[in-house]
Amino acid sequence: MKTDTIAAIATAVSDAGIGIIRVSGEEAVFIVHKIYQNKEKRNVLAQYAANTIHYGFIVTENGDILDEVMVSVMKAPYSYTMEDTVEINCHGGALMMKKILSAVLHAGARMAEPGEFTKRAFLNGRIDLSKAEAVMDIIHAKNEFALKTSVNQLKGSVSEKIKTLRDQILYEIAFIESALDDPEHISLEGYEQKLSDQVFRITEELEKLLLTADDGRILKEGIRTVIVGKPNVGKSSLLNLLMGQDRAIVTDIAGTTRDTLEETIRFGDITLNITDTAGIRDTEDTVEKIGVEKAKKTIKEADLILYVIDSSEALDENDEAILKLIEGKKTIILLNKSDLQEVTDKKAIEGFYASVFDHNSQFIEEKDISLLRISAKEKKGLEALKNLIEEDFLHGKIVSEDELYITNIRHKEAIADALESMHQVKKSLDAHMPEDFYSIDLMSAYASLGRILGVEVGEDLVNKIFAEFCMGK
Ligand code: GDP
């Protein structure tokens, strides 16, 4: 397959010691040959052997020197993309890198799209799709966990597991098909039980993988946390305290935190992605209304709600509205302003909660709700809050080096689909359906898992996945 030659700046476009321009494709060597000269001012790049690195200069059309460089030459298939690749190590200034890139483009290369080098590695068969995604995840990793799981994924941890499961499923499909084709030689007698055992085992493995997906997302991307509460209860003060800096605007006028603010906070192994919402209350003010609408949407998608209450004041109908809004969500109710005279205590909240939901006051304890007294002003209760969150989200979830985590939502969906198909096989087995019923659903489980490796995905999805990469990767 003939492909055009692509080029991009592969390092960050900022002023650093060195920068790398990567060129890949059939004409990579030929193109750089035109603009590279050695010490003797000769264009000799095409004569260099594979996997060698050379000192020299990048020159303009008129022979003016642009920069002093080191150029590495890699020949297909021994490169990242499995194509001929030339990497130009030049000085790292943004302007210099752009000039050299521009010379490379002028000499015949095309500007690479984001992720196109990795896409070529995938299309040329060097890596499967889950490994390609791992490359992207490594680049975007924000904490140790994300980095570790991505590196494991690149090494093939996810691919291996999925391949093994697919092989096992394929074996059963092949067995059924052969038996149906050649009933004289291959008997299906007693097969139902055998298949049933195998389906049970594979289902169990898929379920286990799926369980790691939620933990995986939380550890990798952080806990989606939303701070809610009426105006003036101390939400911004709490956020500032968590941030350790004055990020949100703290005021005495009710309703001044208009829009939502988003911040990422790291607590040891756990990351909180915190959204501070506009104070929720009935409002005629349109700007505030937009904030409130957005808050409702954020609450829906949250993993954790921090509901701040001013404990020096009584609860009212706005709190009732908030309680209804966050019903069913994992919530920590923070009784803030505990430095002031307490009006609303734990008991008052329990009673209020019970009256809102028409239940007895023990009801709150059966729900995913904890209560904590804090004072944002006096910086009290923060440690207890950290502990509570860690207990809730990290308990027993210490990451071991070898443990396989599914951290990619696309993988999670594919596994869930495969699981659904396996459940279908079980149903057919229980109903003693004809054998070809089993193979239809086994086939679809096989195809779903194939999506993780990229063997059954359409071109559109491939393009979408690679478009999320950064330039030069
Ligand atoms: P928000 O509207 O919910 O974001 O509330 P702010 O964080 O802007 O706080 C409103 C007012 O309450 C400010 O004057 C804060 O200084 C004050 N405040 C916040 N937390 C506490 C606290 O723990 N104790 C006391 N006494 N005042 C607080």
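## Aromatic pairs

A residue counts as buried here when its relative accessible area is under 20%. The model we are looking at is predicted. By that cut-off Y48, at 17% relative accessibility, is buried. Y36 is buried as well, with a relative accessibility of 0%.

Four aromatic pairs turn up in this model. In one of them, Y36 meets Y48 edge-to-face, with 6.1 Å from centre to centre and 70° between the planes. This pair links distant parts of the chain: Y36 belongs to strand β3 (residues 36-37), while Y48 sits in the loop between β3 and β4 (52-59), twelve residues apart. Another edge-to-face pair is made by Y55 and F57, whose ring centres are 5.7 Å apart and whose planes stand at 70°. Here burial is mixed: Y55 is partly exposed at 35% relative accessibility, whereas F57 is buried at 18%.

## Charges over rings

Arginines also find aromatic faces to sit over. R22 lies over the face of F117, 5.2 Å from the ring centre. R166 takes up such a position over the face of Y446, at 3.8 Å from the ring centre.

## Nonpolar cores

In soluble globular proteins, nonpolar side chains tend to be buried together. In this model, the largest nonpolar core holds 29 residues, and those with the most contacts inside it are I169, L195, L206, M422, L442 and L449. Four helices, α6 (157-181), α7 (191-221), α14 (409-430) and α15 (435-453), each supply at least two residues of this core.

L195 is a good place to zoom in. Once its neighbours within four places in sequence are set aside, L195 is in contact with E172, I176, V425, L429, Y438 and L442. Apart from the largest core lies another one, of 28 residues, with A7, V29, I35 and C90 among them.

## Salt bridges within a helix and in a network

The count of salt bridges comes to 19. One of them joins R120 to E116, with 4.0 Å between the closest N and O atoms. These two residues are separated by about one helical turn, because they are four residues apart in helix α3 (residues 116-123). Both R120 and E116 are buried.

## Salt bridges across the sequence

R224 forms a salt bridge with D303, the closest N and O atoms being 3.8 Å apart. R224 lies in strand β8 (residues 223-228) and D303 in the loop between α9 (286-301) and β11 (304-310), so this bridge ties together parts that are 79 residues apart in sequence. R224 is partly exposed, with a relative accessible area of 35%, and D303 is buried, with a value of 16%.

K337 and D310 provide another example, their side chains meeting at 3.3 Å, N to O. That pair, too, links distant parts of the chain: K337 is found in the loop between β12 (331-336) and α11 (346-357), and D310 in strand β11, 27 residues apart. K337 is partly exposed at 23% relative accessibility, while D310 is buried at 8%.

Finally, which residues do salt bridges with shared partners join into one network? They are D4, E83, R110, E116 and R120.

Methods:
Residues numbered from 1 in each chain as written. Predicted model: local features only at pLDDT ≥ 70, side-chain atom pairs only at ≥ 80, totals over all residues. Heavy atoms only, no water. Phe/Tyr/Trp six-rings, centres within 6.5 Å; stacked < 30°, edge-to-face > 60°. Buried < 20%, exposed > 50% of the residue type's maximum accessible area, 1.4 Å probe, protein only. Lys NZ or Arg CZ within 6 Å of the ring centre and 35° of its normal. Core = buried A, V, L, I, M, F, W, Y, C linked by side-chain atoms within 4.5 Å. Contact = heavy atoms within 4.5 Å.
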